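Thanks for making time for this; I would like to walk you slowly through one structure, starting with a single helix and then moving outward to what surrounds it. Please have a look at it first.

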Amino acid sequence: MSLRTILYGYEVKNGQYLVFESEAKVVRDIFADYIGGKSLKAIAAELTAQGIIYYLDKSVWTKNLISRIIANPKYAGADGYPAIISLTDFELANKRKSDMGGTQTELPEITTLIKSKLVCSCCGQNMGRRNKWRSREKWLCPSGCKVDAYLGDREIFTALLIILNRVRNNPELLRLNTSNIEYSPSMEVIRQNKEIERVKEQTGVEFGVLSKMILKCVEHKYECCPLDRGRAMTEALMDKYRNLPIITELDVTLIRETVQKIAVNRDGTLTVTFINHAEVTNIETEDKTA
Ligand SMILES: [Zn+2]
């Protein structure tokens, strides 16, 4: 296998480096795409899909190859190379790269799942996860609501384990006081009703379109009636937890199927909302003996 000795984007003529335009265009696109927010992986996949040749018959682009191109200052004119991109673009791209933690390591599935469910209890926004904060990761609210405790993966995972085991030991925690729950249309239902009324008044509306809208609205209305549906779900949920062995590890499937969201409270404790809307925290004191 022969390796490329001349930097991609250039050719040598009479002992001088010159811009090789067809390749230089690819380099400019790579920088523009990366600054624009595309991932290294996505850029590599696109170039490969387009069949762009890297060298001789080599047309498979990898994340590492793209990463090396972005990190190479010669493209901005260093070491006597004619510049292909501006210094500003070079700096923008490399700033993004270091913000991403240099290497774009993908988070484990469980962390990604928890990230999608973890919200700040003060403002409701999804919690952010900073990869490196004094050598450890740190979870924080993007709007700046402060929690007292340091929250790394370990703190979040441990608190979650405690909550799931509390529920497992005492499934009654999932039981809701349903006496005061009644039908109240959600904002979405109200919006859809208005939309249906508006469409009905128009002339020449296709029946299929209207009936689809009505069905969708019924579906949403159904979701606003937590009474029976909620009760059945609660029973199923309680059964599930009752039959689990002690939970020693966070399980992707269990969390995906039973947890709706995880709120971080101001004091650093967590409140898990289960899919039946029951809420359980990791503070032990309120445990009722079943
Ligand atoms: Zn917040």
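Before we begin, one definition: the expected span of a helix is 1.5 Å times one less than its number of residues. Please also keep in mind that what you see is a predicted model.

Now take helix α6, residues 153-169, which has 17 residues and should therefore span 24 Å, and its end C-alpha atoms do lie 24 Å apart, in agreement with that expectation. Within α6, the buried residues are Ile-156, Ala-159, Leu-160, Ile-163, Leu-164, Arg-166 and Val-167. Because they cover an arc of only 155° around the axis, these residues sit on the same side of α6.

Stepping back, the protein chain contains ten helices and eight strands, and 18% of its 290 residues count as buried.

Where do the residues with the most contacts inside the largest nonpolar core lie? This core has 25 residues, and those with the most contacts inside it are Leu-160, Ile-163, Val-167, Leu-174 and Leu-270. Two or more residues each come from β3, α6, α9, β6 and β7, and α6 gives the most, with six.

Leu-174 is worth a pause: leaving aside neighbours within four places in sequence, Leu-174 is in contact with Val-167, Thr-234, Leu-237, Met-238, Tyr-241, Phe-274, Asn-276 and Ala-278. There is also a second, separate core of 17 residues, which includes Tyr-34, Leu-40, Ala-44 and Ile-70.

As general background, nonpolar side chains tend to be buried together in soluble globular proteins.

Note on methods: Residues numbered from 1 in each chain as written. Predicted model: local features only at pLDDT ≥ 70, side-chain atom pairs only at ≥ 80, totals over all residues. Helix = DSSP H or I, 4+ residues; strand = E, 2+ residues; numbered from the N terminus. Buried ≥ 20, exposed ≤ 12 C-beta atoms within 10 Å, placed from the backbone. Arc of directions from axis to C-beta. Core = buried A, V, L, I, M, F, W, Y, C linked by C-beta atoms within 7 Å. Contact = placed C-beta atoms within 7 Å.
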